[in-house]
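Let's take a walk through this structure together, starting with an open space and ending with some charged pairs.

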Amino acid sequence: MSEKKMSSSRKHHLKSLMLSIAKGILEQEVKDREVERQRYMGETCPALSIPSGTQALQELCREFHHKIDVIDEERYDMEMKVNKSAKEIEDLNIKVIDLKGKFKKPTLRKVRMSADAMLQALLGSKHKVSLDLRANLKQVKKEVKEEDKELRDVGDWRKNVEDKAGMDGRKKMFEAEA
């Protein structure tokens with residue numbers, strides 16, 4: 001910081017000088033704009049000479065209408081270009097936002113919903129889709145083995161043991177093998 005500080009009267013004096021200079025510059029800009037406007041109007045819009053006859057007035061009106069039509073067409077073309085450009089800018093802004101990935105991913109919640117209800121929610125109520133997952137499963141047939149048949153024929157093991165107990169049981173066993 002500087003060791004010398006400005007007095008408040010000096011500050012106010014400098015401030016008023018700056019404001020007066022700025023005011024003068026603004027006034028000069030206003031005068032320059034008015035001169036430029038007058039020059040432009042003189043170049044583009046010549047002085048209007050009003051004719052005295054009705055035929056000449058009608059011709060002047062037709063000329064003005066023609067000029068108005070041309071200017072309206074140009075204005076419409078410019079307006080359409082601006083609208084098209086604005087639409088393209090909006091689309092590009094949307095693409096930029098998409099590429100940035102600014103969208104927050106919502107937290108997912110566990111939802112208990114059947115497959116049919118989920119498909120109906122996705123496809124809408126117009127489409128009737130039933131998803132029977134069990135129908136798509138492969139059917140597996142059991143293969144019956146020969147050993148299993150013998151076990152079924154034998155039946156309960158206790159009966160088998162009781163039948164073979166004693167001499168009669170051994171005799172039956174030898175007869176069955178032979």
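Sort the residues lining the largest pocket by type and you get eight nonpolar, two polar and two charged. Keep in mind as you look around that this is a predicted model. How big is the largest pocket? Its volume comes to about 280 Å³. If you're wondering how such a space gets found, rolling a probe the size of a water molecule over the atoms shows where empty space is left.

To find the pocket on your screen, look for the run Thr44, Cys45, Pro46, Ala47, Leu48 and Ser49, which are among the lining residues. Leu60, Glu63, Phe64, Lys67, Ile68 and Ile71 belong to the lining too. Which element gives the most to this lining? That's helix α2, spanning residues 54–100, with six residues.

Now stay with Leu48 for a moment. Leu48 sits in the loop between α1 (8–44) and α2, and besides lining the pocket, Leu48 is part of a nonpolar patch on the surface. The other members of that patch are Ile50, Leu57, Phe64 and Ile68, and together the five offer about 480 Å² of accessible area. Is Leu48 buried or exposed? Leu48 counts as exposed because its relative accessible area is 57%, and the cut-off for exposed is over 50%. Phe64 and Ile68 also do double duty, appearing in the patch as well as in the pocket lining.

Next, move over to helix α1 and switch your attention to charges. Side chains of opposite charge can pair when their charged atoms come close. The structure holds seven salt bridges, and Arg39 is a good place to pick up the trail. Its side chain meets that of Glu36 at 2.3 Å, N to O, and that of Glu43 at 2.5 Å, N to O. Glu36, Arg39 and Glu43 are therefore linked in a network of salt bridges.

Why does the spacing along the helix suit these pairs? Arg39 and Glu36 are three residues apart in α1, so about one helical turn separates them. Arg39 and Glu43 are four residues apart, which again means a separation of about one helical turn. As for accessibility, Arg39 is partly exposed at 40% and Glu36 is partly exposed at 41%, whereas Glu43 is exposed at 54%.

One more pair in α1 is worth a look: Arg37 and Glu34 meet in a salt bridge at 4.0 Å, N to O. These two are three residues apart, so about one helical turn lies between them. Arg37 is partly exposed at 48% relative accessibility, and Glu34 is partly exposed at 40%.

Methods:
Residues are numbered from 1 along each chain as its sequence is written. This is a predicted model: local features need pLDDT of at least 70, side-chain atom pairs count only at pLDDT 80 or more; totals for chains, interfaces and linings use all residues. Side-chain values use heavy atoms; hydrogens and water are left out. On a 1 Å grid over the protein atoms alone, a cavity is a set of points where a 1.4 Å probe fits but cannot get out, and a pocket is an open set with protein on both sides within 12 Å along at least five of seven lines; lining residues have an atom within 4 Å of a point. Grid points are joined across faces, edges and corners, and a volume is the space filled by probe spheres set on the points. Ala, Val, Leu, Ile, Met, Phe, Trp, Tyr, Cys and Pro count as nonpolar, Asp, Glu, Lys and Arg as charged, and the others, Gly among them, as polar. Patches are made of residues with over 30% relative accessible area and no salt bridge: like charges are joined within 9 Å, nonpolar side chains (Val, Leu, Ile, Met, Phe, Trp, Tyr) within 5 Å. Accessible areas come from the Shrake-Rupley method with a 1.4 Å probe; for residues, only the protein chains shown count as cover. Buried means under 20% relative accessible area, exposed over 50%, partly exposed in between (1.4 Å probe, protein chains only).
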